[in-house]
Amino acid sequence: EVPLAMAATYLSAPFTGPKNFDLRALAALHLGLVLVAFGILLSITSRAGPAVRYGIPILFIVIFSDVAYTGYLNSVYLDAAAYVTLLASTAIAAAAFLDHRSRWVSGGYLVCGVALAFSKSQHAILGLVFAALALVLAFRPASRTVRIEWAAIAALLAGATVTMFSLTTPQYRITPLYNVIFSRLAPHSDAPWDVLKELGLGDQDLKYLDTHAYVPGVPVHDPAWSEDFLRRTSFGKLTWFYVRNPDVALMEMNRDLTHAAPVLRPKDMANYREKDGFPPRAMATRFSLWSTLRSALLNVFPYHVLLIYLAPWVVAIAAWKRPRLWTPFLPLALALSVAGVVEFAMSALTDALDNSRHLFIFQVISELLILTIAAGLLHLADWWRGLRQAARTRDGSRVLAGHEEARLSPRVPSS
């Protein structure tokens, strides 16, 4: 986000002056990256049948012009940079699975992938997902140079992920760790002292139950206490806690799926200025059809998300026996399903506050999976339409051939 903000400051300086920052300039840069992703999508779908060629761009516009997603473009949340680089990375990956020999494709993939990994610590793990995709591309038939390029890209993306995790400051680690322990895990347990003991803490920490890092008086801003806290517990111990207690992990993820996920538009993402006469936290109702439908479905039946994430794996298993079901984009769909599960788990299991907003990238990945599933269904529609047209053509050819044969056959005089 820092390079984007610097560019936005430079571009807006002639209009606002060198000491002012216009958020709309940053929104324009964010929107530009979304349009790059859309342009790549148009290029890809232009080679497909009419159902895919017209249906998928329209669906992309319906989804990502929704205020639930455009609202983030006009913000300085780090998720905004992750959002636009994720769209660009996914679009370039789709183009790579059609032609991975292009230097423009490999270069764009590397730049957007590294930017995604460095967007925010929470989303850095996505760099490993795109590194795995690059490794898949490295094993596809191509020249030795191209294969080495994609292998190098995979290594660089993995390195960017590791670097981002290593750059995460202790203060950035302690806040979500404190929140998830004292606001969620221990209070939700019948034996909170046992939870604290498993996580390396003691009875002296029981007094912090039902507090979070932003409550006045909590010791997270005390350097000595924070250092001692991170020495006693860590995200590694938290991970092993979930491994030993999978029922707790499933319960917490179920709680976020049923309570946090349906809130696609958190109240702190208001869309109006107070000075224009709107009440605080007023939400726009225009361009909100898609998010309203998705929120309603998540409220009524939140577990439909499982069907969305299982769909690529069902197709992949079926493709072993029916190779016709295999498409060039299936590896990308499988990678997106893994990325979405990881994003959801990271949000649900490593933090306890504002999780509706922390699930934003999970929602974006879910939308991208919906796009890929829709593309698969529309491709089947195009394929079926082609079969019917071919059948009609064959039937028409037989009729014409019959008429021609009858015309050329010699007539036998009647007796």
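Which residues have the most contacts inside the largest nonpolar core? In this predicted model, they are Phe64, Tyr69, Tyr83, Tyr109, Trp150 and Val364, and the core as a whole has 73 residues. Helix H5, which covers residues 78-96, supplies the largest share of this core, with 12 residues. Apart from it lies another core, made of 25 residues, including Ile181, Leu238, Tyr242 and Leu349. As you look at these groups, keep one general tendency in mind: in soluble globular proteins, nonpolar side chains tend to be buried together.

Now let's pick out Tyr69. Leaving aside its neighbours within four places in sequence, Tyr69 is in contact with Ile63, Phe64, Tyr83, Leu264, Phe360, Gln363, Val364 and Glu367. Take a moment to find the last of these, Glu367, in helix H18, which runs over residues 360-408. The side chains of Glu367 and Tyr69 are joined by a polar contact of 2.6 Å.

Is Glu367 buried or exposed? Its relative accessibility is 0%, so Glu367 counts as buried. Beyond four places in sequence, Glu367 is in contact with Ile63, Phe64, Tyr69, Leu264, Trp290 and Arg294.

Finally, let's turn to helix H7, residues 126-138. With 13 residues at 1.5 Å a residue, H7 should span 18 Å, because the expected span is 1.5 Å times one less than the number of residues. The end C-alpha atoms of H7 are 19 Å apart, which agrees. Buried residues of H7 include Leu126, Val129, Phe130, Leu133, Ala134 and Leu137. As you trace them, remember that an α-helix has 3.6 residues a turn, so residues three or four places apart point the same way.

Key: Residues numbered from 1 in each chain as written. Predicted model: local features only at pLDDT ≥ 70, side-chain atom pairs only at ≥ 80, totals over all residues. Heavy atoms only, no water. Core = buried A, V, L, I, M, F, W, Y, C linked by side-chain atoms within 4.5 Å. Buried < 20%, exposed > 50% of the residue type's maximum accessible area, 1.4 Å probe, protein only. Helix = DSSP H or I, 4+ residues; strand = E, 2+ residues; numbered from the N terminus. Contact = heavy atoms within 4.5 Å. Polar contact = N/O pair within 3.5 Å; in protein donor to acceptor, adjacent residues only side chain to side chain.
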